[in-house]
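Biologist: I have a fold open on my screen and little practice in reading one. Can we go through it feature by feature?

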Amino acid sequence: DHFFDLDDIKPGDSGEVTISLHVKKSKAFMCLDFKNLKDDENSVNEPESHEDGNGTATGELGEGLEFFGWLDDGDDVFEIGEKPLFGTTTQSASVVLNNTTYPIADSSVGGSCSVNGTRYVGISWCAGDLLVDVPTATITCNGLVLGNEAQTDSLSVDISIRALPDDKGGKFL
């Protein structure tokens, strides 16, 4: 499955996805893994060539796309009291999605998930500067900082969910 499949992103574009994780037979610890981030240049067009200092070496979209993740209550909206997972200070994909693991259900985030339980992870993204005000639960996107240097770039990352039965108690990681 694809959690994100975005095409022709423009500065200021933004969105949100909520991932639901369901436990059926036994309590479980769960985490979300991001691996194999690829930030590709692809080609350089005329507007990009005026801005892109590294030429065809690497893409800039990994720096220009920003992400924020939180433990959601299932309504697809970041609200006061919901726990941030990543992206409160640094949000660039090249940092928060590059070979990182985030606990969804373990002792650090409220314990394992119960039988027939569900955990939700909300993820907001912005093509530009993602601003997250945790005390007010406000998320805004400013696309003015994303210029032509990322015009032909592409970004991909593998997202996996790991779960282990909770037969010992404690942390997953």
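Biologist: Let me start with a single residue. Where is the place of Asn-116?

Modeller: Keep in mind that this is a predicted model. Asn-116 sits in a loop, the one between S5 and strand S6 (118–127).

Biologist: What is the phi of Asn-116, positive or negative?

Modeller: Positive, at about 60 degrees, although Asn-116 is not a glycine. Asn-99 is another such residue: its phi is positive too, about 55 degrees, and it is not a glycine either. Asn-99 lies in the loop between helix H3 (93–96) and strand S5 (100–105).

Biologist: Are these two asparagines buried or exposed?

Modeller: The cut-off for exposed is over 50% relative accessible area. Asn-116 has 60%, so it counts as exposed. Asn-99 has 56%, so it is exposed as well.

Biologist: Now the sheet. How do strands of a sheet pair in general?

Modeller: They pair through backbone hydrogen bonds, either parallel or antiparallel.

Biologist: In what order do the four strands of the open sheet run here?

Modeller: The order is S1-S6-S3-S4, and the pairing is antiparallel. S1 and S4 are the edge strands, each pairing on one side only. From one strand to the next, the twist averages 25 degrees.

Biologist: How many bridges do S1 and S6 pair over?

Modeller: Nine, in the antiparallel sense. To find one of them on your screen, pick Val-17: its bridge partner in S6 is Ile-123.

Biologist: Next, the interior. Which residues of the largest nonpolar core touch the most other members?

Modeller: That core has 28 residues. Those touching the most other members are Phe-67, Phe-86, Leu-97, Ile-104, Val-121 and Ile-123. Then ask which elements feed the core. Those giving two or more residues are strand S1 (14–22), strand S2 (28–40), strand S3 (65–72), strand S4 (84–86), H3, S5 and S6. S2 gives the largest share, five residues.

Biologist: Where is the other core, and which residues are among its members?

Modeller: It lies apart from the largest one and has seven residues, among them Phe-68, Trp-70, Cys-126 and Val-132.

Biologist: Back to the 28-residue core. What does Ile-104 touch?

Modeller: Leave out residues up to four places away in sequence. Ile-104 then touches Leu-21, Met-30, Cys-31, Leu-32, Leu-71, Leu-85, Val-109, Arg-119 and Val-121. Among these contacts, Cys-31 is buried, because its relative accessibility is 0%.

Biologist: Cysteines bring me to disulfides. How many does the count come to?

Modeller: One. The bond joins Cys-126 to Cys-141, with the sulfurs 2.0 Å apart. Cys-126 lies in strand S6 and Cys-141 in strand S8 (residues 138–142), so the bond ties together parts that are 15 residues apart in sequence.

Biologist: Why is this disulfide called right-handed?

Modeller: Because the torsion about its S-S bond is about 75 degrees.

Biologist: Are Cys-126 and Cys-141 buried or partly exposed?

Modeller: Treat each end separately. Cys-126 is buried, because its relative accessible area is 0%. Cys-141 is at 28%, so it counts as partly exposed. You may also want Cys-113: it is buried, at 2%.

Biologist: Now polar contacts. Which side chain does the side chain of Asn-36 make a polar contact with?

Modeller: That of Asp-158, at 2.7 Å. Asn-36 is in strand S2. With a relative accessible area of 45%, Asn-36 is partly exposed.

Biologist: What else does Asn-36 touch?

Modeller: Again, skip residues up to four places away in sequence. Besides Asp-158, Asn-36 touches Asn-99, Ser-156 and Val-157. So you meet the positive-phi Asn-99 again. Compare sequence with space too: Asn-36 and Leu-97 are 61 residues apart along the chain, while their C-alpha atoms are separated by 9.0 Å.

Biologist: One last contact. Which side chain is joined to that of Ser-94?

Modeller: That of Glu-63, through a polar contact of 2.4 Å. Ser-94 lies in helix H3. Outside four places in sequence, Ser-94 touches Leu-37, Gly-62 and Glu-63.

Notes
Residues numbered from 1 in each chain as written. Predicted model: local features only at pLDDT ≥ 70, side-chain atom pairs only at ≥ 80, totals over all residues. Heavy atoms only, no water. Buried < 20%, exposed > 50% of the residue type's maximum accessible area, 1.4 Å probe, protein only. Core = buried A, V, L, I, M, F, W, Y, C linked by side-chain atoms within 4.5 Å. Contact = heavy atoms within 4.5 Å. Pairing = 2+ DSSP bridges. Axes fitted to C-alpha atoms, helices over the stretch in contact; angles between N-to-C directions. Polar contact = N/O pair within 3.5 Å; in protein donor to acceptor, adjacent residues only side chain to side chain. Disulfide = S-S within 2.5 Å.
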